[in-house]
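Here are a few exercises to try with the structure open beside you. Have a go at each task before reading its solution.

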Amino acid sequence: MNIIIVGCGRVGRSIADQLNTEGHSITVIDERFDALDRISDTQNVMAIQGNGATFSVLNEAGIKRCDLLIAVTATDELNIYTCLLAKNAGVASTIARVRNPEYINDVEAIKEDLKLSMVINPEYTCASEIARLVKYPGAVKISSFAKGSIDFIKIRLTDKAPIINKKVADCASLLKGKVRIVFVERGGEFHIPTGDFLLKEGDMVALVAPAGAASKLLKLLGTISNKGRYVMILGGSKIGFYLAKILQATGISVKIIEHNPRRCEELAEDLDGVMVINADAMDEDLLMSERIDRVDGVVCLMDTDEENLLASLYARNVNPNAKIITELGNLKFESVINDLPLDSVIRPKQLTGEYIVRYVRGMHNTVGNNVETMFKVNGDQAEVLEFVVREDSAVTSVPLSKLNLKNDLQIVCIGRNGNVITPGGNDTIEKGDRVIVITKHKGLSDLRNILK
């Protein structure tokens, strides 16, 4: 697929990287030579210097043969205008990044009226993810599938978990209900476990369960299950603003510490009832005076990854029972970060890229059994995918035991008419189902791709 990306900031580079991995032909446009030079050094893309909101530059980029245009410059209005130009030039699909909080209530109207394929707000998406983690503090990650009827829950096993030193096959009676262990991370290695796999303390385990079971499941596994009542946000970024709005609406008390006085004034004006403190969030004495050791959750959203890491480690040291959430924008070093005593790490650019990759895969097969939801696991070692079955094919109405499935792939569960099926060998996939798959294979865009 021919894809043009207008804007080569950090988000644009991340999207280009993920789409490159998917095997697409990528052209990037930016007015800044240094930004183009940076992406050209690390990725196989065509780079064009110029204003992507002009027909001349878009024509140079090959707009006439473009299948998808993604506008992710720093200016919302420029992104929307660029998408309009692309539509006028005949591009079928366009995606615009719209970040301004003033537009949050108008996003759907903008998308519909301007005929955009997708409007993305990385900061709001990230804030929503964090809010779910605050609601379930025992989870490292929690996501929803099948229109909210299935939860994906990732936790680290402590010595209190009744399933440690048990084989996966023996955990069904302990976990109760329709709960399934789908993968395990241990020592930097990723496993899609068989029934004989032995679980150990410290393992990072992912489970799927019916929606609403998360609280009971987390309590059963010996993790914190009570929703946080008091949350401290370090850094008044757009993510912090959106997060405060979401948490406040659920009855959670929020305190924001932000060093920029002008930004503090903006936050205080727009967040009625949220305490905003103008101070340095890296000041230990200040943090203790604001009772960081007593809050239920600490979310680190400062300007640099290094600050967020240090603040998170400090918060863990002085408040062992709090839920600590850390934003990392650039730092990779997955093996090092995974060994640190961090609860949950959020990567906004990666989340944005996953949303767009999911959409692009859906474009390949909009009529058939296409990808509805997708996220990457443990960096990029595996993917969890939700397929919507819209037509009969070689995978439907056949007992799962008779399907010639690829290696390193597991059918996790099936959503059917609002019910959750934990599949066995005699179960079948039927038209209308939502099928959750975990696999180490990359680029699956249709449910039929699960077959060898």
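**Exercise 1: the cysteines**

Cys-83 is buried, with a relative accessible area of 0% (buried means under 20%, with a 1.4 Å probe and protein chains only). Keep in mind that this is a predicted model, where local features need pLDDT of at least 70, side-chain atom pairs count only at pLDDT 80 or more, and totals for chains, interfaces and linings use all residues. Residues are numbered from 1 along each chain as its sequence is written, and side-chain values use heavy atoms, with hydrogens and water left out.

Task: find how many disulfides there are.

Step 1. Take the cut-off: a disulfide is a pair of cysteine sulfur atoms within 2.5 Å.
Step 2. Apply that rule, and the count is zero disulfides.
Step 3. Check Cys-83: the nearest cysteine sulfur belongs to Cys-66 and is 10 Å away.
Step 4. Check Cys-126: its nearest cysteine sulfur, that of Cys-300, is 13 Å away. Cys-126 is buried too, at a relative accessible area of 0%.

**Exercise 2: an open sheet**

Task: work out which strands stand at the edges of the five-stranded open sheet.

Step 1. Write down the order, 7-8-11-9-10, with antiparallel pairing (strands are DSSP runs of E, at least two residues, numbered from the N terminus; two strands pair if DSSP finds at least two bridges between them).
Step 2. Look at the ends: strand 7 (141–145) and strand 10 (189–191) each have a single partner strand, so one side of each lacks a neighbour in the sheet.
Step 3. Zoom in on strand 10: strand 9 (residues 180–186) pairs with strand 10 in the antiparallel sense over three bridges. Val-184 sits opposite His-191 of strand 10.

How values were computed:
Buried means under 20% relative accessible area, exposed over 50%, partly exposed in between (1.4 Å probe, protein chains only). Helices (H or I, at least four residues) and strands (E, at least two) are DSSP runs, numbered from the N terminus.
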